[in-house]
Amino acid sequence: QNLFQMARTQKNKATSAHLGMLKAKLAKLKRELITPKGGGGKTGEGFDAKKAGDARVGLIGFPSVGKSTLMSKLTGTESLAASYHFTTLTCIPGTYHYKGCKIQLLDLPGIIEGAKDGKGRGRQVIGVARTCNLILIVLDASQPMTHKLLIEHELEGFGIRLNKRAPDIRFTKRNKGGITYSTIGCKLTKLDQKTITAICREYRVSNAEICFKQDATIDEFIDVVEGNRVYTPCIYVLNMIDKITIEELDLLSQVPHYMPISGGHEWNFDLLREKIWDYLDFIRIYTKPRGQIPDYSAPVVIPRKGATVEKFCMRIHRGLLDQFKNALVWGTSAKHNPQRVGKDHKLADEDVVQIIKRIR
């Protein structure tokens, strides 16, 4: 009913508040649909794979696109591969090492259209995908590219935003004062006070302070109000390129974030591993015990964004910060080698760090 009203409503400034309210209602209904009722219960056999390693990468795609073959070739973990549909029925984990980083790969069952609404085992599959640091959408290069749009639609419906940044909007609920908003460094062209208020009222928010640092759309604002969206990088793995011509491959190269491979012949596997590493956007930090040489065999892997000495300590042990005095850093982030720094110092890839503890 909400979709029908949106379709027949003309889009202009006079109707933007009404459209915003309808979109908010639709987002709430979708959330209620995908949120399991009741408290607790088992997640389902095979969907409780324990997180292992420094990063988690999920393989998602329609049945029989070569996910199991790709999993077996990359990790050495045996995942049943056959020429019929729905060979994989549970979540199968495997790991491989690259540049000192232990990466967990999850072979998820093939999803079908309507997965976000609970068809097949769609909810479990996409639910696990929400926990991944990176998603690989595996596509059959010989099949229509509409499969890509269908999978994107299913993931979007479950609150996963692919290759997007979280909207730069600060949303703070208050006890009084009504709905107020301000902008920093931008001008709102797609939202106005009436639309913002209508969306907030739909979520029963009567008092809030909103700060926009970008020209946000209605959908982006709703995502912030919902507060349960996941922003995940994604690579589109075009498998079975041995089945298509060079001309078709050149045409497919126009797809952004794509990686052409052949799972059966292991073509482009080295480039795929490199691209996975690039999209994870991690850095490696080497530890140096006092009076010893750095340990280059087991780097501490942390996300590049917000990679500070504090995050480095937290990755090793939470209690390390209680004893922290300062640190010595060698590498590209240091002004001179070594540089004595505090816990807010930002680290770079392949820095060497020695932690100096307080003497009690």
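Buried means under 20% relative accessible area, exposed means over 50%, and partly exposed is in between, using a 1.4 Å probe and protein chains only. By that rule Asp281, at 35% relative accessibility, counts as partly exposed. I will come back to Asp281.

First, the ground rules. This is a predicted model, in which local features need pLDDT of at least 70, side-chain atom pairs count only at pLDDT 80 or more, and totals for chains, interfaces and linings use all residues. Residues are numbered from 1 along each chain as its sequence is written, and side-chain values use heavy atoms, with hydrogens and water left out.

Now confidence. pLDDT is the predictor's confidence in each residue, from 0 to 100. The protein averages 86, and 85% of the residues score at least 70. Where is confidence lowest, and where is it highest? The lowest mean, 52, belongs to helix α1, residues 2-8, and the highest, 97, to strand β15, residues 339-341. Helices (H or I, at least four residues) and strands (E, at least two) are DSSP runs, numbered from the N terminus.

Two stretches stay under 50 in pLDDT. Over residues 38-46 the model has 7 contacts beyond four places in sequence, and over residues 82-87 it has 9. Contact means heavy atoms within 4.5 Å.

Next, salt bridges. Side chains of opposite charge can pair when their charged atoms come close. Here a salt bridge is a side-chain nitrogen of Lys or Arg within 4 Å of a carboxyl oxygen of Asp or Glu. The structure holds 14 of them, and I will show three.

Asp215 pairs with Lys190, with the closest N and O atoms 3.0 Å apart. This pair links distant parts of the chain, 25 residues apart: Asp215 is in the loop between β8 (208-212) and α7 (218-226), and Lys190 is in the loop between β7 (179-183) and α6 (193-202). Asp215 is partly exposed at 25%, and Lys190 is partly exposed at 40%.

Asp281 is bridged to Arg304, with 2.8 Å between the closest N and O atoms. Again distant parts of the chain are linked, 23 residues apart: Asp281 sits in the loop between α9 (269-280) and β12 (282-287), Arg304 in the loop between β13 (295-303) and α10 (309-316). Arg304 is partly exposed, at 38%.

The third pair is Glu156 and Lys164, whose closest N and O atoms are 3.5 Å apart. Glu156 is partly exposed at 29%, and Lys164 is partly exposed at 45%. Which residues are joined into one network by salt bridges that share partners? They are Glu156, Arg161, Lys164, Asp223 and Arg229.

For a buried residue, take Gln354 in strand β16, residues 351-357. Its relative accessible area is 8%, so Gln354 counts as buried. Leaving out residues up to four places away in sequence, Gln354 touches Lys288, Pro289, Arg290, Asn326, Ala327, Leu328 and Trp330.

Last, the largest pocket, with a volume of about 790 Å³. Of its 23 lining residues, the closest to the centre are Tyr231, Pro233, Leu280, Asp281 and Lys305. That is Asp281 again, the partner of Arg304. The elements giving two or more residues to the lining are β9 (230-232), α9 and β13.

A pocket is an open set of points on a 1 Å grid over the protein atoms alone, where a 1.4 Å probe fits, with protein on both sides within 12 Å along at least five of seven lines; lining residues have an atom within 4 Å of a point.

Key:
Grid points are joined across faces, edges and corners, and a volume is the space filled by probe spheres set on the points.
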